[in-house]
Amino acid sequence: MAEATAAYDVVIIGGGPGGYNAAIRAGQLGLKVACVEMRSTLGGTCLNVGCMPSKALLHASELWNAANTEFAKIGIEVQPKLHLDQMHKAKDDSVTALTKGIEFLFKKNKADWIKGKGKIVGKGKVEVTAVDGSVQTLDAKNIVIATGSEPTPLPGVAFEDGKVIDSTGALSLPAVPKKLIVVGAGIIGLELGSVWRRLGAEVTVVEFLDRITPGMDTEVATAFQRTLTKQGMSFKLGAKVTGAKSGKDGVELTVEPSAGGPAETIKGDVVLVAIGRRPYTNGLGLESVGVTPDKRGFIDHDHFKVADGVWVIGDVTHGPMLAHKAEEDAVAVIDTIAGKYGHVDYALVPSVVYTFPEVAWIGQTEDQLKAAGVQYKKGKFPFTANSRAKINHETDGFVKVLADAATDKVLGVHIMGPQAGEMIHEAAITMSFGGASEDIARTCHAHPTRSEAVRQAAMDVEGWMMQA
């Protein structure tokens with residue numbers, strides 16, 4: 001049964017990092033705003049089944065690993081016991097606190113949360129179907145599509161609860177698998193593979209390409225794979241999964257070389273398919289406003305605008321599929337709608353892999369600079385020479401700074417090491433102001449800190465690195 005029509009300045013479809021930040025920003029600017037979200041909680045994939053719960057498990061499993069491998073080395077004797085149910089509960093409690101926080105911010109900024117599945121049914125019209133089947137129509141001067149993305153399925157490999165799973169399933173396994181096979185050596189697969197490896201699983205990563213983490217600087221990726229291998233993960237690169245067969249005692253994958261050759265069978269208790277994500281556009285009614293996604297499902301835009309009064313942000317459009325990119329899009333699109341200046345510098349969106357050690361980067365890789373014929377200088381500094389890293393037994397990795405050969409402008413910074421995800425923002429700020437490697441090199445850094453490695457790498461661009 002249809003309910004009465006409600007009118008808004010902005011209606012946002014999707015309550016993830018893009019959607020909820022857009023709603024909050026709209027409320028801050030005095031716009032009448034509604035956010036349509038079909039989950040029972042706000043926060044989208046990131047808060048509910050993505051960034052936040054995975055980081056909770058990464059943190060907990062890192063502590064577990066340290067208790068079993070590092071504590072004795074520094075004079076702490078313990079006998080840890082794994083309570084996986086409690087680990088999951090702590091993760092879920094954190095997620096609940098975060099999603100409740102978003103609800104509070106909605107109320108504070110007078111943003112309405114319309115619970116249900118949203119569909120565009122014409123210019124300025126969004127139809128919302130609630131769980132109970134009731135339908136209401138929202139009038140909107142502006143519609144923002146912020147529906148995010150979903151895991152990409154692997155042809156020939158059907159998902160099966162508890163056996164062949166996606167990233168969501170990997171966050172709630174009831175027991176540690178004896179052998180986990182991860183299909184895909186991207187960020188999601190390596191993070192979740194790290195969780196279960198630390199907790200006791202034998203982990204094998206199968207990747208179609210001949211390298212891990214595409215998009216990461218090749219030198220860093222090579223060192224990263226070496227470190228993960230040392231931690232106990234094994235890799236089968238240049239391998240294509242062509243089928244899966246599950247039985248009572250596990251899953252058999254058929255794998256053949258990507259370049260062609262005889263197939264082989266590998267077996268695991270659980271298979272995690274993590275080959276990427278695809279835009280979520282099914283059933284949105286895009287055709288009603290003349291919008292057609294491209295072959296991969298992405299929606300093209302002109303400064304977020306896709307049709308008169310229709311806008312798009314986040315994973316459903318081009319650019320890095322990252323929560324913080326969606327957040328930047330959110331503020332920019334609402335500012336634009338409100339007549340202010342909205343802008344995102346997509347060349348300066350940092351990426352982070354939250355394994356141990358972490359890997360973080362911003363700007364261009366050496367591969368990209370070489371391909372473009374850009375003349376550049378390079379500075380490197382290993383964490384084996386960083387005082388804080390040495391005393392904390394965190395010496396894997398290095399910092400690399402790439403700068404223009406003529407102007408010294410920083411073109412890219414790549415960090416593999418402890419707390420890399422925190423340290424990368426020094427580079428982000430420097431680069432956002434067009435800074436030079438010398439600007440970092442001549443900025444006093446507290447001692448002893450891990451961030452001194454960033455300064456030392458910047459110093460090395462001109463060859464005056466010193467031991468920290």
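**Note on the predicted model: cysteines, overall form and one helix pair**

1. The structure holds zero disulfides, and this is a statement about a predicted model. For Cys35 the reason is distance: the closest cysteine sulfur, that of Cys46, lies 14 Å from its own sulfur, which is too far for a bond, given that a disulfide requires the two sulfur atoms to be within 2.5 Å. Both residues of this pair can be placed with respect to the surface, since Cys35 is buried with a relative accessible area of 0%, and Cys46 is likewise buried, with a value of 9%.

2. As to overall form, the radius of gyration of the protein is 24 Å, which agrees with the value near 23 Å that a compact globule of 468 residues would have. The C-alpha trace spans about 70 × 60 × 50 Å along the principal axes, and buried residues make up 50% of the 468 residues.

3. The secondary structure comes to 13 helices and 23 strands. Among the contacts with a separation of 6 or more, 62% are accounted for by residues 24 or more positions apart.

4. One helix pair may be worth viewing in detail: helix 3 (residues 51-69) packs against helix 6 (residues 187-198) at an angle of about 35°, the axes being 9 Å apart, and the crossing of these two helices is left-handed. On the helix 3 side the contact includes Leu57, Leu58 and Trp64, together with Lys55 and Glu62, while helix 6 contributes residues including Leu192, Val195, Glu191 and Arg198. By class, this contact of helix 3 with helix 6 has five nonpolar, four polar and five charged residues.

Technical notes. Residues are numbered from 1 along each chain as its sequence is written. This is a predicted model: local features need pLDDT of at least 70, side-chain atom pairs count only at pLDDT 80 or more; totals for chains, interfaces and linings use all residues. Side-chain values use heavy atoms; hydrogens and water are left out. Axes are lines fitted to C-alpha atoms, for helices over the stretch in contact, and angles run from 0 to 180 degrees between N-to-C directions. Helices (H or I, at least four residues) and strands (E, at least two) are DSSP runs, numbered from the N terminus. A crossing is left-handed if the near helix is turned anticlockwise from the far one by less than a right angle, and right-handed if clockwise. Contact means heavy atoms within 4.5 Å. Ala, Val, Leu, Ile, Met, Phe, Trp, Tyr, Cys and Pro count as nonpolar, Asp, Glu, Lys and Arg as charged, and the others, Gly among them, as polar. Buried means under 20% relative accessible area, exposed over 50%, partly exposed in between (1.4 Å probe, protein chains only). The radius of gyration is taken over C-alpha atoms; the globule rule is 2.2 Å times the number of residues to the power 0.38.
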